[in-house]
Amino acid sequence: MSNPSLLILAGDGIGPEVMDQVKRVIDWFGEKRDMAFDVSEDLVGGAAYDKHGVPLHDDTMAKAQEVDAVLLGAVGGPAYDDLDFSVKPERGLLRLRKEMDLFANLRPAQCFDALADFSSLKKDIVAGLDIMIVRELTSGVYFGEPRGIHVENNERVGVNTQRYTESEIARAARAAFDLARKRGNKVCSMEKANVMESGILWRDVVNEIHQAEYSDVELSHMYADNGAMQLVRAPKQFDVILTDNLFGDILSDCAAMLTGSLGMLPSASLGAPMANGRPKAMYEPVHGSAPDISGQGKANPIACILSFAMALRYSFDQGAEATRLESAIEKVLADGARTGDLMGPDGGTPMSTTQMGDVILSALDASL
Ligand code: IPM
Ligand code: MG
């Protein structure tokens with residue numbers, strides 16, 4: 001049997017720097033755990049635009065469809081701010097999500113004990129926090145038609161459309177319920193059923209799926225604005241949060257910050273099973289391209305490495321090895337390893353991206 005295949009799209013800004021550390025981790029699993037991957041690399045975002053004039057080349061899209069999993073770094077940067085909307089770096093990322101049909105975006109927000117002091121909230125509110133946001137990723141206002149800017153009565157009008165079909169809601173809901181069963185067995189679904197028809201349908205369909213297939217899981221509903229408030233008031237009340245594309249974008253940034261640093265959070269975007277039984281999948285850190293620190297060796301590689309841990313768990317059925325990697329990261333943080341984004345108020349000398357990679361590899365060695 002051939003090795004499982006990975007396509008690395010490091011992208012822009014700090015993407016390539018943090019991905020370099022992930023490659024070392026991938027090599028470690030090949031050498032020490034006998035888990036070799038066939039790794040190929042290609043361009044996405046501004047890097048692809050510079051070479052091809054588009055943020056994702058058709059050949060790259062085709063490769064992404066064939067591999068077992070895509071690992072993505074980050075896209076975007078100030079050099080591309082003035083580009084036409086259709087070729088902006090973000091369009092490359094959105095094309096991957098849409099054409100691979102990655103409808104379930106898993107965004108865990110977990111607070112590492114060693115970092116509980118870094119949260120903008122009080123320590124006791126976030127210590128031990130472990131929630132999972134399931135964000136619908138291929139529909140809603142991100143993709144709904146009609147969209148555009150046109151002129152009406154001598155002024156410009158901007159239009160986007162929030163649109164959800166029952167089946168789109170149902171498959172996202174199933175992903176959330178399935179995950180909840182493996183965790184705290186609770187789902188809170190968030191929409192704006194008080195003002196949006198799409199929200200009314202969302203709530204109905206989630207209730208129907210719950211009743212028919214998942215009545216063993218505890219289900220609640222919240223308006224998304226209240227959800228945002230509850231996330232900063234008492235985040236530990238949640239286990240799995242199910243929500244749409246736009247609310248999920250916003251709520252997941254909010255949840256991320258509870259954990260102390262955006263540099264810590266991974267994500268998985270999953271679609272339907274492929275012929276080999278593995279889900280279509282792309283893994284990426286939640287942080288962006290961070291142009292202000294890119295190229296300086298300062299970036300925290302942990303979110304990107306934790307994204308590879310999610311790949312081990314969700315694409316390759318290697319939950320124990322994923323836990324090994326997550327524990328190694330927990331260990332180095334407990335030992336005081338800190339990149340610049342993790343410096344407390346007392347300061348200290350931050351380590352470089354590569355040094356963080358070094359200590360994680362040592363902790364992996366020590367785990368054997
Ligand atoms: C995210 C990002 C993207 C989004 C951008 C880069 C298009 O904010 O993954 O959360 O809005 O989905
Ligand atoms: Mg976002």
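P146 is found in strand β6, which covers residues 144-152. The model in which this strand appears is predicted. The peptide bond that joins E145 to P146 is cis, with omega at about 0°. In general, most peptide bonds are trans, and most residues other than glycine have a negative phi. P146 is exposed, because its relative accessible area of 54% lies over the 50% cut-off. With respect to the rest of the chain, P146 and Q162 are 16 residues apart in sequence, and their C-alpha atoms are 9.5 Å apart in space.

Following the chain beyond strand β6 leads to N153, which has its place in the loop between β6 and β7, the latter being residues 155-161. N153 is not a glycine, yet its phi is positive, at about 50°. At 74% relative accessibility, N153 counts as exposed. A comparable description applies to D317, which is placed in the loop between α10 (302-314) and α11 (319-334). D317 is likewise not a glycine and has a positive phi of about 55°. With a relative accessibility of 70%, D317 counts as exposed. A further positive phi, of about 55°, is taken by D101, just after helix α4.

Helix α4 itself spans residues 89-99, and its buried residues include P89, G92, L93, L94, L96 and R97. R95 also lies in helix α4. What distinguishes R95 from the buried positions is its accessibility: at 25%, R95 counts as partly exposed, because buried requires a value under 20%. The C-alpha atoms of R95 and L9 are 13 Å apart in space, while the two residues are 86 positions apart in sequence.

The next part of the chain to consider is the loop that follows strand β4. F112 is found in this loop, which runs between β4 (104-110) and α5 (123-126). F112 has a relative accessible area of 11% and is therefore buried. F112 and V151 are 39 residues apart in sequence, and the distance between their C-alpha atoms is 50 Å. On the other side of α5, A127 is found in the loop between that helix and β5 (130-136). A127 counts as partly exposed, with a relative accessibility of 27%. A127 and D117 are ten residues apart along the chain, and 8.7 Å separates their C-alpha atoms.

The discussion now turns to ligand 1. The residues around this ligand are E90, R97, R107, R135, Y142 and D249. One of them, R97, is among the buried residues of helix α4. By class, the shell around ligand 1 consists of five charged residues, one nonpolar residue and no polar residue. Where does ligand 1 lie with respect to domain 1 and domain 2? Domain 1 comprises residues 1-110 together with 261-368, and domain 2 comprises residues 120-259; because both give residues to the shell, ligand 1 lies between them.

Three side chains of this shell can be described in terms of their distances to ligand oxygen atoms. For Y142, a polar side-chain atom lies 2.5 Å from an oxygen atom of ligand 1. For R107, an N or O atom of the side chain is 2.7 Å from an oxygen atom of the ligand. For D249, the corresponding distance between a side-chain N or O atom and an oxygen atom of ligand 1 is 2.8 Å. On its own, ligand 1 has 320 Å² of accessible area, and the protein covers 74% of it.

The cysteines complete this account. A disulfide is a covalent bond between the sulfur atoms of two cysteines. How many disulfides does the structure hold? It holds zero. C188 is in no disulfide, and the nearest cysteine sulfur, that of C254, is 14 Å away. C254 is also in no disulfide, its nearest cysteine sulfur being that of C188, at 14 Å. Because a disulfide requires two cysteine sulfur atoms within 2.5 Å, this separation rules out a disulfide between C188 and C254. As to accessibility, C188 counts as buried at 4%, whereas C254 counts as partly exposed at 22%.

Technical notes: Residues are numbered from 1 along each chain as its sequence is written. Chains are lettered from A and ligands numbered from 1 in the order in which they are written. This is a predicted model: local features need pLDDT of at least 70, side-chain atom pairs count only at pLDDT 80 or more; totals for chains, interfaces and linings use all residues. Side-chain values use heavy atoms; hydrogens and water are left out. A residue is near a molecule or strand if one of its heavy atoms lies within 4 Å of it. A polar contact is a pair of N or O atoms within 3.5 Å; within protein, one must be able to donate a hydrogen and the other to accept it, and residues adjacent in sequence count only if both atoms are side-chain atoms. Accessible areas come from the Shrake-Rupley method with a 1.4 Å probe; for residues, only the protein chains shown count as cover. Ala, Val, Leu, Ile, Met, Phe, Trp, Tyr, Cys and Pro count as nonpolar, Asp, Glu, Lys and Arg as charged, and the others, Gly among them, as polar. Domain bounds come from an automatic or database domain assignment. Buried means under 20% relative accessible area, exposed over 50%, partly exposed in between (1.4 Å probe, protein chains only). Helices (H or I, at least four residues) and strands (E, at least two) are DSSP runs, numbered from the N terminus.
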